[in-house]
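Student: I would like to go through this structure and ask how each label is earned. Can we set the values against the rules as we go?

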Amino acid sequence: MTRFTILALSGSLRAGSSNTTLLHAMAKLAPSTVTFKFYDGLGGLPHYNPDQEDAAIPSVIEWRTLISSVEGILICSPEYARGVPGSLKNALDWLVGGIDIVNKPVAVINASPHSTHAHASLMVILETMSARVIPEASITVPLRGRKLSAREIVDDAPMAGILQAALAVFFREVSNNVSGGGRNSPPTTA
């Protein structure tokens, strides 16, 4: 089986975030051939400024290097004011001028069935950036109002089953992308 690394990106800066917890549960459900990297630097990125696109800003260099180094990305984000949290959108804006996310498999996980606007918006943003969004792996897990640990999520058979099914689809797509040489290649057009 192909070995690869996945970036687990929570759109929440809040300590104890259910989005972050859900990503940790997904990491626990992953096979040993998959390595998860968690990024906690969203709040440390400067506001995106196109005039500084090529500036040597350490936090931006680290962010872009991380995106370039992984084979796939799982994003789990809350919804604020019917949209994507500003810190997450800012981080994505820093990737627009490069190819780091081009054709990279991405799944968008939603921890609340009420947070449909951010989920839909993220899908559009990522597709516009030429990421390869995997719709079958982009799911909603009804955690809102339930304060569960990653271990409790894993031990909840129905919830773990939903996550495992989504991960299986996602990992298959990432593996195909890696073995097919699809990393950072421009998307094909019909």
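**Labels and their reasons**

Tutor: We start with the largest cavity, whose volume is about 30 Å³. Keep in mind that this is a predicted model.

Student: What makes it a cavity and not a pocket?

Tutor: A cavity is a set of points where a 1.4 Å probe fits but cannot get out, whereas a pocket is an open set. The count comes to one cavity of 30 Å³ or more.

Student: Which residues line the largest cavity?

Tutor: The lining consists of Ser-77, Val-108, Ile-109, Asn-110, Ser-115, Ala-118, His-119 and Leu-122. Two elements, β4 (105-109) and α4 (116-128), give two or more residues each. The most comes from α4, with three residues.

Student: How do you know how many of the lining residues are nonpolar, polar or charged?

Tutor: Val, Ile, Ala and Leu count as nonpolar, and Asp, Glu, Lys and Arg as charged, with the others, apart from the remaining nonpolar types, as polar. The lining therefore divides into four nonpolar, four polar and no charged residues.

Student: Why are α1 and α6 called roughly perpendicular?

Tutor: The axes of α1 (residues 18-29) and α6 (residues 157-179) come within 10 Å and cross at roughly 70°. Angles of 65 to 115 degrees count as roughly perpendicular, so the label fits α1 and α6.

Student: Which residues meet there?

Tutor: From α1 there are Leu-22, Met-26 and Leu-29, and they meet Ala-160, Leu-163, Gln-164 and Leu-167 of α6. By class, the contact of α1 with α6 has six nonpolar residues, one polar and no charged.

Student: And why are α3 and α4 called roughly parallel?

Tutor: Helix α3 (residues 86-93) packs with α4 at an angle of about 10°, and their axes are 11 Å apart. Angles under 35 degrees count as roughly parallel, and therefore α3 and α4 get that label. Their contact is made by Leu-88, Lys-89 and Leu-92 of α3 with Leu-122, Ile-125 and Leu-126 of α4. It holds five nonpolar residues, no polar and one charged.

Student: What about aromatic pairs: how many are found in the whole structure?

Tutor: A search finds five aromatic pairs. One of them is formed by Tyr-39 and Trp-63, at 4.7 Å centre to centre with 35° between the planes.

Student: What makes the pair of Tyr-39 and Trp-63 tilted?

Tutor: Ring centres must lie within 6.5 Å to pair, planes under 30 degrees apart count as stacked and those over 60 as edge-to-face. An angle of 35° is in neither range, so this pair is tilted.

Student: Why is the pair said to tie parts together?

Tutor: Tyr-39 lies in the loop between β2 (34-38) and α2 (58-69), while Trp-63 lies in helix α2, so the pair ties together parts that are 24 residues apart in sequence.

Methods
Residues numbered from 1 in each chain as written. Predicted model: local features only at pLDDT ≥ 70, side-chain atom pairs only at ≥ 80, totals over all residues. Heavy atoms only, no water. 1 Å grid on protein atoms, 1.4 Å probe; cavity = no way out; pocket = protein on both sides within 12 Å on 5 of 7 lines; lining within 4 Å. Points joined across faces, edges and corners; volume = space filled by probe spheres on them. Helix = DSSP H or I, 4+ residues; strand = E, 2+ residues; numbered from the N terminus. Axes fitted to C-alpha atoms, helices over the stretch in contact; angles between N-to-C directions. Parallel < 35°, antiparallel > 145°, perpendicular 65-115°, else oblique. Contact = heavy atoms within 4.5 Å. Phe/Tyr/Trp six-rings, centres within 6.5 Å; stacked < 30°, edge-to-face > 60°.
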